[in-house]
Amino acid sequence: RYRVNRLTMHRLVIQTIPNASKHRSGCTPSFSVEEKGYVIYEHKRRARLTEQRPSDLPSSDAIEFDDLNITMEGDIRVTIYDCTSDKERVLCFFWFHTGFIEQE
């Protein structure tokens with residue numbers, strides 16, 4: 001058995017914002033977090049983004065979702081969406097297990 005750490009996500013940074021719209025003018029990213037197949041957090045971005053440079057990532061295009069307080073454990077799936085049009089479109093997703101992340 002794997003050990004399971006209960007962790008809290010405070011920040012998510014997406015590097016290299018894709019040109020996902022028809023006119024290749026950026027995208028409107030949002031994301032969801034799933035734990036055990038259930039959505040435990042959903043972030044909806046209303047403002048359209050073409051580029052944002054957080055102060056700690058000056059050399060690359062990125063968007064930062066901060067002030068998060070998402071407590072999770074076990075197998076976690078994060079799905080990144082583009083909400084440019086009326087429909088959400090999946091840009092990518094990734095999985096991780098909290099047991100492989102060391103706590104501070």
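Q: Buried means under 20% relative accessible area. In this predicted model, does Phe31 count as buried or exposed?
A: The model is predicted, so its values are computed from modelled atoms. The relative accessibility of Phe31 is 1%. The cut-off for burial is under 20%, so Phe31 counts as buried.

Q: What is the geometry of the aromatic pair formed by Phe31 and Phe65?
A: The structure holds 3 aromatic pairs. In the pair of Phe31 and Phe65, the ring centres are 4.9 Å apart and the planes meet at 65°. Planes over 60 degrees apart count as edge-to-face. The geometry of Phe31 and Phe65 is therefore edge-to-face.

Q: How many residues apart along the chain are Phe31 and Phe65?
A: Phe31 belongs to strand β3, and Phe65 belongs to strand β5. Phe65 is buried too, at 2% relative accessibility. The pair links distant parts of the chain, with a separation of 34 residues.

Q: Which residue joins Phe31 and Phe65 in one aromatic cluster?
A: Phe31 and Phe65 already form an aromatic pair. Their cluster also takes in Tyr41.

Q: What is the geometry of the pair formed by Phe94 and Phe96?
A: Phe94 is partly exposed, at 34% relative accessible area. Phe96 is also partly exposed, at 21%. Their ring centres lie 6.3 Å apart, with 25° between the planes. Planes under 30 degrees apart count as stacked, so the pair is stacked.

Q: What is the strand order of the open sheet of 4 strands?
A: Strand pairing in this sheet is antiparallel. The edges are β4, residues 38–43, and β8, residues 89–97, each pairing on one side only. From one strand to the next, the twist averages 20°. The order is β4-β3-β7-β8.

Q: Over how many bridges do β7 and β8 pair?
A: Strand β7 covers residues 75–82. Arg77 stands opposite Trp95 of β8. The two strands pair in the antiparallel sense, over 8 bridges.

Q: Over the ring of which residue does the charged end of Arg77 sit?
A: Arg77 stands opposite Trp95 in β8. Its charged end sits 3.9 Å from the centre of another ring. That ring belongs to Phe93.

Q: Which strand gives the most to the largest nonpolar core?
A: This core has 13 residues, and those with the most contacts inside it are Leu12, Phe31 and Val78. At least two residues each come from β2 (12–15), β3 (29–35), β5 (62–65), β6 (70–73) and β7. The most, 3 residues, come from β7.

Q: Leaving aside neighbours within four places in sequence, which residues does His43 contact?
A: His43 has its place in strand β4. At 17% relative accessibility, under the 20% cut-off, His43 counts as buried. Beyond its sequence neighbours, His43 touches Ser30, Phe31 and Phe65.

Q: What distance separates the C-alpha atoms of Pro29 and Lys44?
A: Pro29 lies in strand β3. Pro29 counts as buried, with a relative accessibility of 1%. Along the chain, Pro29 and Lys44 are 15 residues apart. Their C-alpha atoms are separated by 7.9 Å.

Terms used. Residues numbered from 1 in each chain as written. Predicted model: local features only at pLDDT ≥ 70, side-chain atom pairs only at ≥ 80, totals over all residues. Heavy atoms only, no water. Pairing = 2+ DSSP bridges. Axes fitted to C-alpha atoms, helices over the stretch in contact; angles between N-to-C directions. Buried < 20%, exposed > 50% of the residue type's maximum accessible area, 1.4 Å probe, protein only. Contact = heavy atoms within 4.5 Å. Core = buried A, V, L, I, M, F, W, Y, C linked by side-chain atoms within 4.5 Å. Phe/Tyr/Trp six-rings, centres within 6.5 Å; stacked < 30°, edge-to-face > 60°. Lys NZ or Arg CZ within 6 Å of the ring centre and 35° of its normal.
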